[in-house]
Amino acid sequence: MLSSEILISPILSLDALTIAGPDKTFNIYIQLSAGSVAVASGSSLPQVITALTPSSTLLAHASQQFQKISQQVDVKFLEVSDQSDADIAFFFDSEIELNDSDPSTVTLGLALPNRDVVTGRRWFEIFFNGPRIDQSSTDLEAYVFNHELLHALGLEHTFDDSDGDFYLSTNPQLSATPEETVMSYRPPASGIYPTDLTISDYNALKDIWDAAVDVSIPSQQNVYRLYQQSTGRHFYSSNQEEIDSLTGQPQSDFLNEGIAYTVADDASQDLHRFYKPSTGLHFYSASNNERDALIAMSDSGYLYEGVAYQVFDALSAPSGSTPVFRFYDPLHGSHFYTANNQERLILQSTQPSWIEEGIAWYV
């Protein structure tokens, strides 16, 4: 049996708890009709896909799986008919194309978290490769459905080491088997995929949902991400007074996107903040050497604002810490930071000109 720690994603589970809310209920929408449909696809700009009609066998499986999960885990599912009301929306796409994927690799499903910076709405979209799913056996299509659903409920791949842990190997084909968890990428030893969750999957879901009262985490500070509409860039702060000041005015330029991540109170590495008046942009660094070098550059245009909050560096980060990745946009000379590995993968695909500078710090 796999440990829940291996299966639970800190980022996706927090997203899921936030989206479901205190009543732990997900509004479920399934696109039933074929044709052009506007979706978010993990981006702030709507995209249009060509939806296909899902098979009756898969719809029956979905209904049964929602019921099975609700019977064993403290989470509920409510079907809605309006896509805009959905917490989890399912689409059977005519194709799933990832720019950074191997052409020889077929993507059967994809789960993406979304956030509307204007309304504050957060939700998941799940896409299935319609033609491939239709050609698959009923056990495989059920397995793919369960796999993507569990992403939206807070689980990760067993070979994912972005949160500091993995099972056996970071190679998908050397990690867990489908008999051990639905979050596996390997073919089943028997040749038949399980059509229900495993005991390990249910236990991991129980650890997320049965003990969850709210999404607050004791002994941690929340770091919020604000979106500046005039520049299209982001600002990060754990100072509630500063956040209220920036977002509290009727014509505020900043929109509060919510919690970007949380940091344990015992974090001891200073995160330094710089401000460039000529662009109105901020720069963050957890490196004292980088701080000193930037301060010494009189022509950099940056003003040192001091310590924003504490984080972990590579040496002090405890086991299970989440890395925060830094991207550089050479066109605008700005940086972007994310602790969400799904968002990181989306940026790699949708912003090929941005330079990924690696792990900036840990939380």
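**Aromatic rings and helix 6 in a predicted model**

Let me begin with the aromatic side chains: Phe-26, Phe-66, Phe-77, Phe-90, Phe-92, Phe-128, Phe-145 and Trp-209 come together in one aromatic cluster. Please keep in mind throughout that what we are looking at is a predicted model. When the whole structure is searched, 24 aromatic pairs are found, and I would like to take you through two of them.

In the pair made by Phe-26 and Phe-77, the ring centres are 6.2 Å apart and the planes lie at 20°, which is under 30 degrees, so this pair counts as stacked. The pair links distant parts of the chain, since Phe-26 belongs to strand 1 whereas Phe-77 belongs to strand 4, residues 76-79, with the two positions 51 residues apart. Both Phe-26 and Phe-77 are buried.

Turning to Tyr-284 and Tyr-337, we find ring centres 5.4 Å apart and planes at 85°, and because that angle is over 60 degrees the pair is edge-to-face. Here too distant parts of the chain are linked, with Tyr-284 in strand 12, residues 281-285, and Tyr-337 in strand 15, residues 334-338, 53 residues apart. Tyr-284 is buried, as is Tyr-337.

A ring can also have a charge over it: the charged end of Arg-344 sits over the ring of Phe-325, at 4.0 Å from the ring centre.

Finally, let me return to Trp-209, a member of the cluster I started with, which is one of the buried residues of helix 6, residues 199-209, alongside Ser-200, Asp-201, Tyr-202, Ala-204, Leu-205 and Ile-208. These buried residues of helix 6 pack against helix 1, helix 2, strand 1, helix 3 and helix 5.

Notes: Residues are numbered from 1 along each chain as its sequence is written. This is a predicted model: local features need pLDDT of at least 70, side-chain atom pairs count only at pLDDT 80 or more; totals for chains, interfaces and linings use all residues. Side-chain values use heavy atoms; hydrogens and water are left out. Buried means under 20% relative accessible area, exposed over 50%, partly exposed in between (1.4 Å probe, protein chains only). Helices (H or I, at least four residues) and strands (E, at least two) are DSSP runs, numbered from the N terminus. Contact means heavy atoms within 4.5 Å. Rings of Phe, Tyr and Trp (its six-membered ring) pair if their centres lie within 6.5 Å; planes under 30 degrees apart count as stacked, over 60 as edge-to-face and the rest as tilted. A charge sits over a ring if NZ of Lys or CZ of Arg is within 6 Å of the ring centre and within 35 degrees of the ring normal.
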